[in-house]
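Biologist: Could you take me through one helix of this protein slowly, and then show me how the parts around that helix and the rest of the chain are put together? I am in my first year, so please go step by step.

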Amino acid sequence: MLDFDFLCGRETPSVAGVINPGSEGFQKLFFGQEEIAIPVHSTIEAACAAHPTADVFINFASFRSAAASSMAALKQPTIRVIAIIAEGVPESDTKQLITYARANNKVVIGPATVGGIQAGAFKIGDTAGTIDNIIQCKLYRPGSVGFVSKSGGMSNEMYNTIARVTDGIYEGIAIGGDVFPGSTLSDHILRFNNIPQVKMMVVLGELGGRDEYSLVEALKQGKVNKPVVAWVSGTCATLFKSEVQFGHAGAKSGGEMESAQAKNQALRDAGAIVPTSYEALEAAIAKTFEKLVGDGKVTPVKEVKPPQIPEDLSSAIKSGKVRAPTHIISTISDDRGEEPSYAGIPMSSIVEQGYGVGDVISLLWFKRSLPRYCTHFIEICIMLCADHGPCVSGAHNTIVTARAGKDLVSSLVSGLLTIGPRFGGAIDDAARYFKDAYDRGLTPYEFVESMKKKGIRVPGIGHRIKRGDNRDKRVELLQRFARTHFPSVKYMEYAVEVENYTLSKANNLVLNVDGAIGSLFLDLLAGSGMFSKQEIDEIVQIGYLNGLFVLARSIGLIGHTFDQKRLKQPLYRHPWEDVLYTK
């Protein structure tokens, strides 16, 4: 509809708003090359109040709800015309809509309609088909022919036929193929008869029902003074031995009078121009139009070139007409195709081959399948770092936030935000400094003393609780696993040598879990033979190793959130006696 508006040269779109029950806001759509925001309303009443000049309501609801929403629209004082697209609306409901509309001087198009079109102005629904067909049919500017039909599909065909032999249509309506259409063929012919721009009318009826006879009566009574070319489809029904139901609910002959032959003859007798077959309909339209031109009653419309509708980027790319840069690069996963894949491995293979969390991390973080001892080490790190009690800063923040009534994500994030150089964020720094010192051949003494001169604490060394005679059990577990499974533990052994030197200075300067993970990850990367020196440096620099702590500790922080919620703990307030108040 918006593309047709642009094609017709409208400065503003014909679509005022969209009604989507339960939703509000705006929908982005293209109007020519410009992207516009069409308001979205949750109710019919709200939409009508917001757009008092919009008087046409197009109902795309299914046959189950179309009647109720159509009645609600008819009851709005601003709505003058409604079009019901759905096919199969219950006949009793349709009759109520028709009765109410006629009593209140309103128009119902449909049910089972593709809509209508006023050439060069606006169109309702899907009528007239594709933009290419609209241009072929010259619908971007008004012609001199009024057209009405029951069939939406045949309307598209007739727009083309009329455009070939006349200056095109002025207005076209498909009243719908259900048994009880909201408006009749004669309703629109009489309306066309009063439109000065319409010089002739074309009607395409079909067998079944008696709608065409109201047009016959109007012709006999002299209510129509412009030429009417008509044809009623379905003459082939007589070739069948039994009654035939054609495509529309109303296209079923209920007796001789409802046959196509009887209707065509009645229209012919009433003064309409009725050809001998559908194939002859185009010639009849052409002859009628030529006579009007010859009599000076029609001045053929001067042809204009419509503006070019910009092609959507997606279709232009698909057809190879343009190339466009992408906005995001992803090398770790792909959700196109039948199933997602991690680093090229389909999800089904990951499940069928029994991959674990460590394997998934190796695919998404390192873009390769690491040996089982590597992925097992990753899983051990996650288990050991998942939580360290409620008193550490991250857990404390999460608990306070959860007790303030905040949601899971807020509570989790409040704890994660404490992760940094002083809490859990030393793994990368430990790996970085241990690697640099070892690769440069520094002795533990040279390394520690150089850090001291720079005023930098050695990352991965030191603990508030653990001592040389009370080592961190987590560190011992990691070291034992590495010595058993890793091909080489040179970085870990260097970290142990550094620990031995720092313990000579203070009993709490032990290798902590950050230092253990940092040094052992260096051994994992170097010993696996799957990473180049440049890749190892990049992994440490980017922050991969801190990512392990963030991932692991998220498990514990989520647990603390659930724990506080489950216990229904009240808002936390820090006790006065735990605060030093001083000037």
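Modeller: What covers the buried residues of α18 includes α17, which spans residues 427-439, and α20. This is a predicted model, and in it helix α18 runs over residues 444-453, with P444, F447, V448, E449 and M451 buried. To call a residue buried here, its relative accessible area must be under 20%. Just after α18, G455 takes a positive phi of about 75°.

One of the helices that cover α18 is α20, and a residue of α20 also takes part in a salt bridge. The side chains of E493 and R483 meet in a salt bridge, with 3.3 Å from N to O. This pair links distant parts of the chain, since E493 lies in helix α20 (residues 490-503) and R483 in helix α19 (residues 473-485), ten residues apart. Neither partner reaches the cut-off for burial, because anything from 20% up to 50% is called partly exposed: E493 has a relative accessible area of 28%, and R483 has one of 45%. Elsewhere, salt bridges that share partners join K435, D439, K533 and D537 into one network.

Helix α19 also holds F481. With a relative accessibility of 9%, F481 counts as buried, because the limit for that word is 20%. If we leave aside the neighbours within four places in sequence, F481 is in contact with Y373, H376, F377, I380 and F486. By way of contrast in position, F481 and N156 are 325 residues apart in sequence, and their C-alpha atoms are 75 Å apart in space.

Following the chain onward from α20, we come to N507, which lies in the loop between α20 and α21, the latter covering residues 513-527. N507 is partly exposed, with a relative accessible area of 38%. Although N507 and R467 are 40 residues apart in sequence, the distance between them in space is 5.4 Å, C-alpha to C-alpha. Once its neighbours within four places in sequence are set aside, N507 is in contact with K466, R467, G468 and D469.

It helps now to look at salt bridges in other parts of the chain. Side chains of opposite charge can pair when their charged atoms come close. The structure holds 25 salt bridges. In one of them E171 pairs with R191, and the closest N and O atoms are 2.5 Å apart. E171 lies in strand β10 (residues 169-174) and R191 in helix α7 (residues 185-193), so this pair ties together parts that are 20 residues apart in sequence. E171 is buried, with a relative accessible area of 10%, whereas R191 is partly exposed, at 31%. Another salt bridge joins E258 to R210, where the closest N and O atoms are 3.9 Å apart. Here too distant parts of the chain are linked, for E258 is in the loop between β12 (228-233) and α9 (260-270), and R210 is in the loop between β11 (200-206) and α8 (211-220), 48 residues apart. E258 is buried, with a relative accessible area of 15%.

A few places in the backbone also deserve a careful look. A cis peptide bond, with omega of about 0°, joins G110 and P111, and P111 is found in the loop between β6 (107-109) and β7 (115-118). K367 has a phi near 60°, a positive value in a residue other than glycine; K367 lies in the loop between α13 (357-366) and α14 (372-385), and at 43% relative accessibility it counts as partly exposed. Phi of K568 is likewise positive, near 55°, and K568 is found in the segment after α23 (544-567), where it is exposed, with a relative accessible area of 70%.

Finally, we can place these details in the chain as a whole. The protein chain contains 23 helices and 15 strands, and buried residues make up 46% of its 583 residues. Its C-alpha trace spans about 120 × 55 × 55 Å along the principal axes. The radius of gyration is 39 Å, while a compact globule of 583 residues would have one near 25 Å. Among contacts between residues at least 6 apart in sequence, 70% join residues at least 24 apart.

Notes: Residues numbered from 1 in each chain as written. Predicted model: local features only at pLDDT ≥ 70, side-chain atom pairs only at ≥ 80, totals over all residues. Heavy atoms only, no water. Helix = DSSP H or I, 4+ residues; strand = E, 2+ residues; numbered from the N terminus. Rg over C-alpha atoms; globule rule 2.2 N^0.38 Å. Buried < 20%, exposed > 50% of the residue type's maximum accessible area, 1.4 Å probe, protein only. Contact = heavy atoms within 4.5 Å. Salt bridge = Lys/Arg side-chain N within 4 Å of Asp/Glu carboxyl O.
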